[in-house]
Amino acid sequence: MRAVLRAVNRVLIGVVGLLLAVLGGSVLAVGLGVRPPSWWIHDGRHDVLLGAARRTRWRDADWWWPAVFAVLAVLVLLALWWLAAVLRRRRLAELLVDTGDGEGALLRGRALEGVLAADAARLDGVAHVHATLTGRRTAPEAHVWLQLEPDVDPGTALHDLTTESLTHARESAGLAKLPAEVRLRAVKHRAERVS
């Protein structure tokens with residue numbers, strides 16, 4: 001779902017930016033004296049973008065105002081959904097740990113992220129680790145980015161991370177499961193000279 005939101009965000013910003021750039025560039029070009037095509041929205045320097053004839057053209061049609069309000073309502077709802085998705089907290093602030101006495105305790109998300117990252121950094125061949133928790137307090141999800149040394153087998157590093165670091169984090173927080181998304185990247189290095 002997060003990848004979809006990220007893609008929608010990028011596409012939406014790109015389309016809006018492209019439309020604004022084309023419209024602004026065309027107004028600037030026409031204002032500087034460039035002759036626009038006959039089908040363009042304005043004709044010359046002193047022409048307005050939306051004249052009185054265009055504004056009042058459909059005013060007497062029965063379908064016009066309901067259609068205008070419906071389109072504007074959909075645009076407002078989409079803009080609010082997009083704003084909420086962008087502003088929503090990405091990281092899990094705290095998670096609920098079952099203490100066994102029926103009460104429970106709150107564990108700071110950043111504390112578990114730090115422990116997970118420190119534990120994963122001790123694995124063989126790991127150069128750098130970044131870990132974040134997302135999801136709900138009762139069902140967290142881990143996102144781990146590993147930077148591996150050039151000679152490390154990614155399969156081994158992933159197996160070690162899963163069986164050691166993620167298992168330790170899951171057990172220490174008393175979670176039944178801790179789904180994880182792991183991204184691996186090799187550390188950039190210069191090519192070795194072979195003689």
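Visitor: In this predicted model, where is the kink in helix 5 centred?
Guide: Helix 5 covers residues 154-172 and has 19 residues. From its first C-alpha to its last, helix 5 reaches 26 Å, close to the 27 Å expected at 1.5 Å a residue. The helix nevertheless carries a kink of about 35 degrees, and the residue on which this kink is centred is L161.

Visitor: Against which elements do the buried residues of helix 5 pack?
Guide: The buried residues of helix 5 are A157, D160, L161, S165, L166, T167 and A169. L161, on which the kink is centred, is thus one of the buried residues. The elements against which these buried residues pack are helix 4 (109-121), strand 4 (140-148) and strand 5 (180-186).

Visitor: Which residue just after helix 5 takes a positive phi?
Guide: Helix 5 comprises residues 154-172. Just after this helix, a positive phi of about 70 degrees is taken by G174.

Visitor: What is the order of the strands in the open sheet of three strands?
Guide: The pairing in this sheet is mixed. Strand 3 (126-135) and strand 5 are the edge strands, each pairing on one side only. Neighbouring strands are turned by 15 degrees against each other on average, direction ignored. The order of the strands is 3-4-5.

Visitor: How many bridges join strand 4 to strand 5?
Guide: Strand 4 and strand 5 run parallel. Within this pair, Q147 stands opposite R185 in strand 5. The number of bridges joining the two strands is seven.

Visitor: Do strand 3 and strand 4 pair in the parallel or the antiparallel sense?
Guide: Strand 3 and strand 4 form a hairpin, with four residues between them. One of the bridges links G135 to P140 in strand 4. Over nine bridges, the sense of the pairing is antiparallel.

Visitor: What angle does the direction of helix 5 make with that of strand 4?
Guide: Helix 4 lies across strand 3 and strand 4, and runs at about 155 degrees to strand 3. Helix 5 also packs on the sheet, where it touches strand 4 and strand 5. The angle between the direction of helix 5 and that of strand 4 is about 140 degrees.

Visitor: Why do the buried residues of helix 4 line one face of the helix?
Guide: Helix 4 has 13 residues and reaches 18 Å from its first C-alpha to its last, close to the 18 Å expected at 1.5 Å a residue. Its buried residues are G109, L112, E113, L116, A117, D119 and A120. Seen down the helix axis, these residues line one face because they fall within an arc of 165 degrees.

Visitor: Which residues are exposed on the other side of helix 4?
Guide: The buried residues of helix 4 are covered by elements including strand 1 (94-97), strand 2 (105-108), strand 3, strand 4 and helix 5. On the other side of the helix, the exposed residues are R110 and V115.

Visitor: Is E113 buried or exposed?
Guide: E113 lies in helix 4. Not counting residues up to four places away in sequence, E113 touches R91, A131, T132 and L133. Its relative accessibility is 5%, and since buried means under 20%, E113 counts as buried.

Visitor: Which residues form the covered face of strand 1?
Guide: In a regular strand the side chains alternate between the two faces of the sheet. The uncovered face of strand 1 consists of E94 and L96. The covered face consists of L95 and V97.

Visitor: Which residue in strand 2 is the bridge partner of L96?
Guide: Strand 1 and strand 2 pair in the antiparallel sense over four bridges. In strand 2, the bridge partner of L96 is L106.

Visitor: What is the relative accessibility of L95?
Guide: L95 is found in strand 1. Leaving aside neighbours within four places in sequence, L95 is in contact with A105, L106, L107, G109, L112, L133, R137, P140, A173 and L175. L95 counts as buried because its relative accessibility is 0%.

Visitor: How far apart in space are L83 and N9, C-alpha to C-alpha?
Guide: L83 has its place in helix 3 (residues 64-87). With a relative accessible area of 43%, L83 is partly exposed. L83 and N9 are 74 residues apart in sequence, and their separation in space is 9.6 Å.

Terms used
Residues numbered from 1 in each chain as written. Predicted model: local features only at pLDDT ≥ 70, side-chain atom pairs only at ≥ 80, totals over all residues. Heavy atoms only, no water. Expected span 1.5 Å × (residues − 1). Bend = angle between axes of the 7 residues up to and from the residue. Buried < 20%, exposed > 50% of the residue type's maximum accessible area, 1.4 Å probe, protein only. Contact = heavy atoms within 4.5 Å. Pairing = 2+ DSSP bridges. Axes fitted to C-alpha atoms, helices over the stretch in contact; angles between N-to-C directions. Arc of directions from axis to C-beta.
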